Amino acid sequence: MAKYDILIQNGTLMDPAAGICKTGSLAVQNGKICAVGTAEEKEAVQVIDARGCYVVPGLTDYHMHAFTGGCEFALHPDLPAAISGVTTVVDGGSAGVSGFESFYRSDILHSTVNVKAMLNICSAGQPGVYYLENMDPALYQRDQILRLCEQYKGIIVAIKVRQSREIVKERGLTPLKEAIKIAREAGLPVVVHTTDSPGEIRDTLEILRKGDVFCHCFHKKGRTILDENSHVLPEVREAQKQGILFDCAHGSMNFSLDIARTAISEGFFPDIISSDLSMLSFMKPPAYSLSHILTELLNLGMRFEELLPRVTSTPARQIEAGQNGFLIPGAPADLALFCLEKKKVHFKDHYGSHMEGDQILRPMMTIKDGRILYRQYDFFNQ
């Protein structure tokens, strides 16, 4: 009788895309999920007792920087991904048309985790910390952008625009408007970096379309998603209802505990939770890792059931993955196991605010295509 490669027992199976939430077992064989809920009785090479753990799809980190050959602050995606239950990452616009083919050959093809990319509207991408993109729309290489988006369909999943005032300068919102035109031709969403954007928040939202992404929604530089009375702007709520997505994209400088606490307390949650990790923020305060960011949001008032779709089904839809779910027979065995523990934890942000918490989300295991990439040292087989 053939053995399972991995048999996970007694865990809480959760997959928002497939509508699964139940206690049961999950079996893996030849890199695929072969049974969910109740596994046939047979031996396994590894048997994992996941009692007290969530067994979920491998997470999607919708924003980090992974172009190690052309972006000085990028890091190899396998490093932050495996330790946080992440099996798919999306690069947040590190490469433009000038560097994308190099990014594809040097990093995307050689990563264990799945790597997708936002293509920076600026041809040079983001090569360095102190380099600010030239956002003159006259320099957008429309034809090359469209060619790459077609050639690497399924890899390039969005067009990235950074529109802080120091970047766009006197051009205001024109670079975003022109980028939207190219993205429409490419059939892709736009992801817009919104810290200290020109104009009011509504001005940006009025340009964005359903499926476009308002990135760094909890920042505190310039206009924010809160009004002068510290309430979520009505136009922000309306935009979310209309299908514009809000991504927290935490990073080292673009997440305010005060803004996030206020928004969450008023029932406004980000649609996507991503890390914006790079060498500037990986394993450093205040971001550390995606699992740390999820822990932070837990302590700000979100429940695990509310966090999970924002790191699985919603970002997966943005990259056209997992439409029928992930914890289903025949799907790639991309899995993550977490446990929720009571423990005192301290948080701080770039703006000087602090918060105490009393629970942590601990990654226990990451499995990619049936291979265990990470496990807690005391999380043994039965």
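Here are a few questions and answers about how some residues in this predicted model get their labels.

User: Why is Tyr-130 called exposed?
Analyst: Exposed means over 50% relative accessible area. Tyr-130 has 78% relative accessibility, so it counts as exposed.

User: Where is Tyr-130 found, and what patch does it help make?
Analyst: Tyr-130 is in the loop between strand 8 (114–120) and helix 3 (142–151). Together with Val-129 and Leu-280, Tyr-130 makes a nonpolar surface patch of about 350 Å².

User: Why is Ala-50 called buried?
Analyst: The cut-off for buried is under 20% relative accessible area. Ala-50 comes in at 0%, so buried is the right word. Ala-50 lies in a loop, the one between strand 4 (44–49) and strand 5 (54–57).

User: What does Ala-50 touch, leaving out residues up to four places away in sequence?
Analyst: Its contacts are Ile-8, Gln-9, Asn-10, Gly-11, Val-55, Leu-337 and Phe-379. As for Phe-379, it is 329 residues from Ala-50 in sequence, yet the C-alpha atoms are 9.0 Å apart in space.

User: How do you know that Ser-291 is buried?
Analyst: Again, buried means under 20%. Ser-291 has 8% relative accessibility, so it counts as buried. Ser-291 belongs to helix 9 (residues 290–299), and beyond its neighbours within four places in sequence it contacts Ile-83, Ser-84, Leu-361 and Pro-363.

User: What makes the link between the side chains of Ser-291 and Ser-289 a polar contact?
Analyst: A polar contact needs a pair of N or O atoms within 3.5 Å, one able to donate a hydrogen and the other to accept it. The Ser-291 and Ser-289 side chains are joined at 3.1 Å, so the distance fits that cut-off.

Notes: Residues numbered from 1 in each chain as written. Predicted model: local features only at pLDDT ≥ 70, side-chain atom pairs only at ≥ 80, totals over all residues. Heavy atoms only, no water. Patch = residues over 30% accessible without salt bridge, like charges linked within 9 Å, V, L, I, M, F, W, Y side chains within 5 Å. Areas by Shrake-Rupley, 256 points an atom, 1.4 Å probe, with all protein chains shown as cover. Salt bridge = Lys/Arg side-chain N within 4 Å of Asp/Glu carboxyl O. Helix = DSSP H or I, 4+ residues; strand = E, 2+ residues; numbered from the N terminus. Buried < 20%, exposed > 50% of the residue type's maximum accessible area, 1.4 Å probe, protein only. Contact = heavy atoms within 4.5 Å.
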